[in-house]
Amino acid sequence: MVTRLWLYLNSSIVKKQIMGFTGLFWCIFLTGHLAGNSLLFIGPEAFNTYAYKLTSNKALFYTAEFVLLFFFISHLAMAMKLTIENKIARPDGYYMKQATGRGSTFASSTMPYTGLIILVFVITHLLHFRFGPVYMITHSGVEMRDVYRVLVEYFQSPLAVGWYIFCIAAVGVHTSHGLWSAFQSLGFSHPRYTPAVSCISKIYGAIIFLGFSALAIFCYLQGGN
Amino acid sequence: MSNEKLLSLNLKIWRQKGNKEKGEMVDYRLEGVSTDSSFLEMLDLLNEQLVEKGDDPVAFDHDCREGICGMCSLMINGQAHGPEKETTTCQLHMRKFEDGDTIVIEPWRAKAFPVLKDLMVDRGALDDIMAAGGYVNVNTGNAPDANEILIGKESADLAMDAAACIGCAACVASCKNASAMLFTSAKISQLALLPQGQVEREQRVINMVEKMDELGFGNCTNEAECEASCPKGIDISNIARMNREYIKAITKTRS
């Protein structure tokens, strides 16, 4: 029974469903992350209070972090396993190989590369913000971490803004294929909604790119204040 | 056919004496190729010249030359069955090429498809997947009445679309991961959509996917190059159906 289960988990189909499921989970997280961070536009108090509320219940906060990390590592480990297996599946390459122009797209063919950029980005992102400098501020009588200041300070360097936008572009491209791809892998395909899913996937990628880029530029522009 | 022209071509063809030998790309110059000839007729012309010179002719798979048997293969200029949409190599005509063109011709490449000679590969792995699917239950006895088993128009159409697969393996050849998912999913869909063969529905998908993985095909990354190269236009929604069938099967069966 256990060996049977192991066999199913190792099947080409379940492996890509794990990719799809974990990827979809991260897409949902990104949506919340963008929505929450948009409070930056309102001001330091709104943003800091949001960050404080999000992290004040320590048990919930660490659980959420653990789940995020678990899904991230599952996605990453599975991606590496699949990429290696796929290379092995064609030991002798072609002398000449051309895309038909009717199938693969820039986003679909660069998934492993955009994925690697995202890996580096997530690590640096956590180091800069999650484990970045801690300043304290008091809003409405409650002392909390001034994350707003951390962000504004970090994005004062145009290089930091450039690197961030580059990485977010990778996230946008990655998700523009990934979101649709997850639906396909999980078996959700129907002429009634598949064209919409494909279109929404591209729009989602664009929103992620534009939204987060706007936040970085906004922080840069707050420099004088 | 009054527009016939004669082409001079530079061919780069993969030559390999046998399965265990090392192969290489060999250059050939071929003159006087009619634009009305098919791609395989162009290779016939080359082979006639090679035989006349006492050289070994280029081995390639072919049979019906009508685009329905699935025997012809060939990676032409880096594309499975060449550049034309929904066209097998045998149905590709030389009028699609220009005088002086260089054409690169290679065999299908996948771990599961060993090269037998030159451009011929062993596609027996696809037969193994089909065989793993097993039998379909049918009632014996007298011939059934017509329309005894009712099949909805849409299901019949979708099953027919999936059944159009000729098993040429262009999907595997064009996939950057050498995945056989389009082929396998077409075979699974064809039977999953019809009332016949429902008894074995779950076991069939499990067995076929297991065999596909065991044979060393890669994993699908949803790029749709298979669909784009398929001479029969098999849709990747079949792969989604297979994904669905598989997850249903492994959660339902007791084996």
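Helices, here meaning runs of H or I in DSSP with at least four residues, are numbered from the N terminus. The exercises below use that numbering for a predicted model.

**Exercise 1. Establish which helices line the second largest pocket, and what the character of its lining is.**

Begin with the extent of the pocket, whose volume is about 780 Å³. Its lining amounts to 33 residues, and those that lie nearest the centre are Trp180(A), Gln184(A), Thr194(A), Asp235(B) and Ile236(B).

Next, assign the lining to elements. In chain A, α5 (106–109), α8 (158–185) and α9 (194–221) each supply at least two lining residues, and in chain B the same holds for α3 (153–163) and α8 (237–252).

Finally, sort the lining by class, which gives nine nonpolar, 15 polar and nine charged residues.

**Exercise 2. Decide whether Thr194(A) is buried or exposed, and find its contacts.**

Locate the residue before judging it: Thr194(A) belongs to helix α9 of chain A, and it is among the residues nearest the centre of the second largest pocket.

Then apply the cut-off. Thr194(A) counts as buried because its relative accessibility is 18%, and the limit for a buried residue is under 20%.

Last, set aside neighbours within four places in sequence; the contacts of Thr194(A) are then Trp180(A), Phe188(A) and Ser189(A). Of these partners, Trp180(A) is itself listed among the residues nearest the pocket centre.

**Exercise 3. Describe the make-up of chain A and the pairing of its strands.**

Count the elements, which come to nine helices and two strands. Read from the N terminus on, their order is α-α-α-α-α-α-β-β-α-α-α.

Turn to the chain overall. The C-alpha atoms of chain A fill a box of roughly 60 × 45 × 35 Å along the principal axes, and 41% of its 225 residues are buried. Among contacts between residues at least 6 apart in sequence, 76% join residues at least 24 apart.

Now examine the strands: β1 (residues 136–139) and β2 (residues 142–145) of chain A run antiparallel and are joined by four bridges, with Met136(A) opposite Arg145(A) in β2(A). Two residues lie between the strands of this hairpin, in which Ser140(A) adopts a positive phi near 50 degrees.

**Exercise 4. Reconstruct the open sheet of chain B, working from strand β1 (residues 6–15).**

Start with the partners of β1(B). On β2 (residues 24–34) of chain B, the pairing is antiparallel and extends over nine bridges, with Leu11(B) having Tyr28(B) as its bridge partner. With β5 (residues 102–106) of chain B, β1(B) pairs in the parallel sense over four bridges, and here Lys12(B) has Val104(B) as its bridge partner.

Add the remaining antiparallel pair, in which two bridges join β3 (residues 75–76) to β4 of chain B and Ile76(B) stands opposite Gln79(B) in β4(B).

Assemble these pieces into the open sheet of five strands, whose order is β2-β1-β5-β3-β4 in chain B, with mixed pairing. The edge strands are β2 and β4 (79–80) of chain B, each of which pairs on one side only.

Then place the helix: α1 (residues 39–52) of chain B packs on the sheet and touches β1, β2, β3 and β5 of that chain, its direction making about 105 degrees with that of β2(B).

To close, consider how covered β1(B) is: seven of its 10 residues are buried, making the strand mostly covered.

**Exercise 5. Place the loop residues Ile68(B) and Leu194(B), and identify their contacts outside the local sequence.**

For Ile68(B), the location is the loop between α1 and β3 of chain B. Ile68(B) counts as exposed because its relative accessibility is 57%, and the exposed class begins over 50%. Apart from neighbours within four places in sequence, Ile68(B) touches Ile166(B) and Lys232(B). From Ile68(B) to Cys168(B), the sequence separation is 100 residues, while the C-alpha atoms are 9.5 Å apart.

For Leu194(B), the location is the loop between α5 (181–192) and α6 (201–214) of chain B. With neighbours within four places again left aside, its contacts are Ile151(B) and Ala159(B). Between Leu194(B) and Asn243(B), 49 residues apart along the chain, the C-alpha separation is 18 Å.

Conventions. Residues are numbered from 1 along each chain as its sequence is written. Chains are lettered from A and ligands numbered from 1 in the order in which they are written. This is a predicted model: local features need pLDDT of at least 70, side-chain atom pairs count only at pLDDT 80 or more; totals for chains, interfaces and linings use all residues. Side-chain values use heavy atoms; hydrogens and water are left out. Buried means under 20% relative accessible area, exposed over 50%, partly exposed in between (1.4 Å probe, protein chains only). Two strands pair if DSSP finds at least two bridges between them. On a 1 Å grid over the protein atoms alone, a cavity is a set of points where a 1.4 Å probe fits but cannot get out, and a pocket is an open set with protein on both sides within 12 Å along at least five of seven lines; lining residues have an atom within 4 Å of a point. Grid points are joined across faces, edges and corners, and a volume is the space filled by probe spheres set on the points. Ala, Val, Leu, Ile, Met, Phe, Trp, Tyr, Cys and Pro count as nonpolar, Asp, Glu, Lys and Arg as charged, and the others, Gly among them, as polar. Contact means heavy atoms within 4.5 Å. Axes are lines fitted to C-alpha atoms, for helices over the stretch in contact, and angles run from 0 to 180 degrees between N-to-C directions.
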